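Q: Got a model open here. Can we go through some side-chain details?
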Amino acid sequence: LIFYVINIIMFYFEEISGKKILKSSLLNGLNHFFTTRESVIKTKEPDFEKIVEDNKKDICKYLGIDEKNLIHPSQTHTSNVDIAKIGQISYPDTDGLILTNKIQAVFLNFADCTPVIIYDAENNIAAVSHAGWRGTASNIASITVQKMKEEFYSKPENLKCAIGPAISFCCYNVGEDVYRALSKTVLDFSGLYEIRQGNIYVDLKGINKRQLLESGVKPENIDVCPYCTVCNNDLFFSYRKENATTNRHSAVVKL
């Protein structure tokens, strides 16, 4: 119970042009946030296109960048992690981006899947990874940490991580194939699944947290967002609850 309260305190809302964004106080050294339904910057729905256009302008102004430098990869539920490069806007089949420059801002999009922001203050680099069940089953959070270690000599014990709004343990029921795939991703799967009335529920945020812990990240350096995209659908988008909506909330980072 105490741990849960601490997590609520560490996530807090701010606004951009009067529209809510969510931040983690653990990452205060990094310009970062999660957009909400109000500050949405990703859609394929005509009714939202003008809102997204206006929100992108407001967010770029807030970040102090040109709109061409607000970049995102083509997410396809892989475990591929790339490094953002100035002037490059296309990152096909990529579900994690590491940011090392101060010119660009990176965003990835979510609607039930788990956003993972990883920050290395010592080297001033940051990453955003998209951990749906497939990405989680492929250990994308661990792969991102490993790439930061190999490419930039990041020390896992120095990394700070925020696991953002996603479908939570309360609502994420899965089939046996998904359960089995996820159970193989960590050394200890205890406490990360439950059987309720014959249905299997898994803790996607918790699995990503444990992957980070097993990668060497310290427990006190992982902030887990308490918001569930299904339960808190008034704040965030949910693919499951909203009949495969194309609207997405985003995880945004800028050094």
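Q: Arg37: how accessible is its side of things, buried or exposed?
A: Arg37 is partly exposed, at 25% relative accessibility. Buried is under 20% relative accessible area, exposed over 50%, partly exposed in between (1.4 Å probe, protein chains only). This is a predicted model: local features need pLDDT of at least 70, side-chain atom pairs 80 or more, while totals for chains, interfaces and linings use all residues. Residues are numbered from 1 along each chain as its sequence is written, and side-chain values use heavy atoms, without hydrogens or water.

Q: Which residue forms a salt bridge with Arg37?
A: Glu242, with the closest N and O atoms 3.1 Å apart. A salt bridge here is a side-chain nitrogen of Lys or Arg within 4 Å of a carboxyl oxygen of Asp or Glu.

Q: How many salt bridges by that rule?
A: Nine. Among them is Glu176 with Arg180, at 2.6 Å. Arg196 and Glu194 also pair, at 2.9 Å.

Q: Back to Glu242. What does the side chain of Asn233 do with it?
A: The two side chains make a polar contact at 2.9 Å. That term means N or O atoms within 3.5 Å; within protein, one must be able to donate a hydrogen and the other to accept it, and sequence neighbours count only if both atoms are side-chain atoms.

Q: Is Asn233 buried or exposed?
A: Asn233 is buried, at 15%.

Q: New topic. How many disulfides?
A: Zero. A disulfide needs two cysteine sulfur atoms within 2.5 Å.

Q: Why no bond for Cys170?
A: Its closest cysteine sulfur, in Cys171, is 3.6 Å away, too far for a bond.
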